[in-house]
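Please walk through this structure from its strand pairing outward to the chain as a whole.

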Amino acid sequence: MNPLVLIIDDEKQIRRLLRVALEAASYRVLEAETGQLGLIEIANRKPDAVLLDLGLPDLDGLTILKRLREWSETPVIVLTVRDDEEDKVAVLDGGADDYVTKPFSTRE
C-alpha cells in the first residue's frame, strides 16, 4: 500500500497544491485545517508522515509537534512562512525532521 501523508495547514490552496503533487508521486493524502483535527487524524489514521504548518488558527505548530512527540515518532516536515533562525532551531529541537520555508517548489 502507498504511504499515507497528512497535511495540516489552514490554507486550502496549499493543501490542494500539496495533494496534487503528492498524489502524482503515488502517496495517499489526508488533510486537516486545524491543529486539533490534525492530532485526531494522526491518532486515528496513523499516517506515515506529516506536513505541518506552524501558523494554524487553533494551536501553534510547535505545540502540535510537542504533543505529537509525547506519543509518536511519525516523521514531521514543517512547512511555514516563518524563516527566523530561532523558529527553525526550536522546531528542529522540538522533534521536526525537516523545515521548509514557504514559498517552496513542489520538487523541493
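**Strands, then the whole chain**

In this predicted model, strand β1 (residues 4-8) pairs with strand β3 (residues 49-52) in the parallel sense, over 4 bridges. Within this pairing, I7 stands opposite L51 in β3. Strand β3 also pairs with strand β4 (residues 76-80), again in the parallel sense, over 3 bridges. Here V50 stands opposite V76 in β4. Strand β3 is thus paired with β1 and with β4.

These strands belong to a chain that holds 4 helices and 5 strands. Along the sequence the elements follow the pattern β-α-β-α-β-α-β-α-β.

How do contacts spread along the sequence? Of the contacts between residues at least 6 apart in sequence, 57% join residues at least 24 apart, a contact being heavy atoms within 4.5 Å.

The overall dimensions come next. A compact globule of 108 residues would have a radius of gyration near 13 Å, and the chain has 13 Å, so the two agree. Taken along the principal axes, the C-alpha atoms fill a box of roughly 35 × 30 × 25 Å.

As for burial, 42% of the 108 residues count as buried, the cut-off being under 20% relative accessible area. The chain exposes about 6200 Å², and carbon and sulfur atoms supply 49% of that area.

The last topic is charge. The chain carries 14 positive and 22 negative side chains. The centres of these two sets lie 7 Å apart.

Methods:
Residues are numbered from 1 along each chain as its sequence is written. This is a predicted model: local features need pLDDT of at least 70, side-chain atom pairs count only at pLDDT 80 or more; totals for chains, interfaces and linings use all residues. Side-chain values use heavy atoms; hydrogens and water are left out. Helices (H or I, at least four residues) and strands (E, at least two) are DSSP runs, numbered from the N terminus. The radius of gyration is taken over C-alpha atoms; the globule rule is 2.2 Å times the number of residues to the power 0.38. Buried means under 20% relative accessible area, exposed over 50%, partly exposed in between (1.4 Å probe, protein chains only). Accessible areas come from the Shrake-Rupley method with a 1.4 Å probe; for residues, only the protein chains shown count as cover. Lys and Arg count as positive and Asp and Glu as negative; His and the chain ends are not counted. The place of a charge is taken as NZ of Lys, CZ of Arg, CG of Asp or CD of Glu. Two strands pair if DSSP finds at least two bridges between them.
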